[in-house]
Amino acid sequence: MTGNHKDKTISRRRALAVTGGTVAAGGLVAAGFQSAFADTADTTADADATASATASSTSSECMTLMTSVTEGPYYLDGALVRKDITEGKAGVPLTLRLTVVDATDGCTPVKGAAVEIWHCDAWGYYSGYTTANPGGSAPAESEEGDSANDLTYLRGYQVANANGVVKFETIFPGWYTPRTCHIHVKVHTGGEKEDGTYEGGKVNYTGQLFFADDIAEEIFTLDPYAKHTGSYTVLADDMVYDGGGATSGLLTLKAVHKKDPSKGYKGSLTLGVDPDAESTGAGSGGGGTPPSGAPTGAPPSDSPSPSASASS
C-alpha cells in the first residue's frame, strides 16, 4: 500500500454515500447519536477552541512514535472522505477525536494529514468481506437489515485541520476470532481529496486503536452485539496489542451517560507520527485472520480491490 489509489470511479451507491444519500437505521444508532454528538457541532468556533485545547496538551503525550502494526486482512483502497461512516449500521454510538502530531519535531500538529479508519460492525463483519466468518456464533451480516452499502460501511477518511485534529462519527466495533475489539487506522500525507476519496501521497503510519476490556465487555452485552456469542479475546491475549497503552493505540474513553452505556462513548487519542516515514502496512502483529482462513467475501469487480498486503 503506497497511498496511491488507482480506481477513481465512484459507483452510484458510493456516490450516495458521498452526498449523504444513505438512510440511517432506527433504534439505537439514531437515538444514540443525538446524545453522543449533541455537544460536537461543527461550528468554526467550537472546532477551533477544542482543537487548540487538544493541541496544547499533546506535548506530554507524544514524545515517542506510535507503534506501527499490521493493517490486517480487511483493508480496501478507495475509502470515502466523510465524518460519519456508519451508513445506518446499528450499534452503540462512538465519537472519535484523533490528533495527528509530528513526534520528531516537538509534537507540532500535522495540518492536512489524512486519517483513514476502518472496522467491523457489531457482529464482526467488514464491508467488502460480508461473508467472512467472524468466529463464534453470529447471524449472517445480511440479517441485520440495515441500509448500509456492503462495500463502504464503517470506512472513511478525514483531513486534519490546522491543529492536526480529525473527528469521526461511528459505532463501537464488535469483534471477530481471534482478535480483541479494535479499529484500524492509517495516517497519510502528501495526497489530496479527489472524486470523493483521497489520492496519492504516502502512508506514514499504520496502526490499530484499542478499547479497555471492561468497557468492551459491557458493550457486548447489549443489542445488537449480544447476538454474536463465543470466546472474546481480551487485550492481554491479543496477537497485536503489545500492552504499551496510548502509544500502542489504547483509546481514552468517556461515556456520554455513565449509567447508560448504550448512549455512546467519546474516544480520543494523540497519534505521534513521523511525516517523513513511509509505512508498508506490514508491521508487527499476527494480522488477525479469522480461523476459516483468508476473507471469503471478496468485493465484486466494480468495487475497490483488497490491498496486496492485506493478506498478512
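How many residues of strand 5 are buried? Keep that in mind as you look at these close-ups of a predicted model.

**View 1. Strand 5 is mostly covered.** Here is the reply to our opening question: 7 of the 7 residues in strand 5 are buried. In a regular strand, side chains alternate between the two faces of the sheet. Look for two groups here: V165, K167, E169 and I171 point one way, while V166, F168 and T170 point the other way. Residues of both groups are buried. Next to this strand you can find strand 1, which runs antiparallel to strand 5 and is joined to it by 7 bridges. One pairing to spot is L98, whose bridge partner in strand 5 is V166.

**View 2. L98 sits in the largest nonpolar core.** This core has 42 residues, and those that touch the most other members are L98, V115, I117, F172, L209, F220 and L271. Several elements each supply at least two residues of the core: strand 1, strand 3 (114-118), strand 5, strand 6, strand 7, helix 4 and strand 9 (265-273). Another core lies apart from it, with 13 residues that include Y74, Y75, Y129 and Y198. Now come back to L98: leaving aside neighbours within four places in sequence, L98 is in contact with V115, I117, G164, V165, V166, L209, L251, L269 and L271.

**View 3. Four strands make an open sheet.** Follow the strands in the order 4-3-6-7, and notice that the pairing is antiparallel. Strand 4 (155-159) and strand 7 (197-210) are at the edges, and each has a single partner strand, so one side of each has no neighbour in the sheet. From one strand to the next, the twist averages 25°. Strand 6 (residues 182-194) pairs with strand 7 over 12 bridges, in the antiparallel sense. To find your place along this pair, look for V187, which stands opposite Y205 in strand 7.

**View 4. Y74 and Y176 form an aromatic pair.** A search of the whole structure finds 13 aromatic pairs. A pair of aromatic rings is described by the distance of the centres and the angle of the planes. For Y74 and Y176, the centres are 5.4 Å apart and the planes are at 80°, which is an edge-to-face arrangement. Y74 is in the loop between helix 3 (44-56) and strand 1 (93-102), and Y176 is in the loop between strand 5 (165-171) and strand 6, so this pair ties together parts that are 102 residues apart in sequence. Both Y74 and Y176 are buried.

**View 5. W175 and Y232 form another edge-to-face pair.** Their ring centres are 6.2 Å apart, with 70° between the planes. W175 belongs to the loop between strand 5 and strand 6, and Y232 to the loop between helix 4 (213-219) and strand 8 (252-255); the two are 57 residues apart. Why do we call W175 buried? Its relative accessible area is 5%, and buried means under 20%. Y232 is buried too, with a relative accessible area of 18%. Both rings belong to one aromatic cluster, made up of F172, W175, F211, F220, Y225, Y232 and Y265.

**View 6. Two lysines lie over tyrosine rings.** K89 lies over the face of Y153, at 4.2 Å from the ring centre. In the second example, the charged end of K186 sits over the ring of Y75, 4.9 Å from the centre of that ring.

Note on methods: Residues are numbered from 1 along each chain as its sequence is written. Side-chain values use heavy atoms; hydrogens and water are left out. Two strands pair if DSSP finds at least two bridges between them. Axes are lines fitted to C-alpha atoms, for helices over the stretch in contact, and angles run from 0 to 180 degrees between N-to-C directions. Rings of Phe, Tyr and Trp (its six-membered ring) pair if their centres lie within 6.5 Å; planes under 30 degrees apart count as stacked, over 60 as edge-to-face and the rest as tilted. Buried means under 20% relative accessible area, exposed over 50%, partly exposed in between (1.4 Å probe, protein chains only). A charge sits over a ring if NZ of Lys or CZ of Arg is within 6 Å of the ring centre and within 35 degrees of the ring normal. A nonpolar core is a set of buried Ala, Val, Leu, Ile, Met, Phe, Trp, Tyr and Cys residues joined through side-chain atoms within 4.5 Å. Contact means heavy atoms within 4.5 Å.
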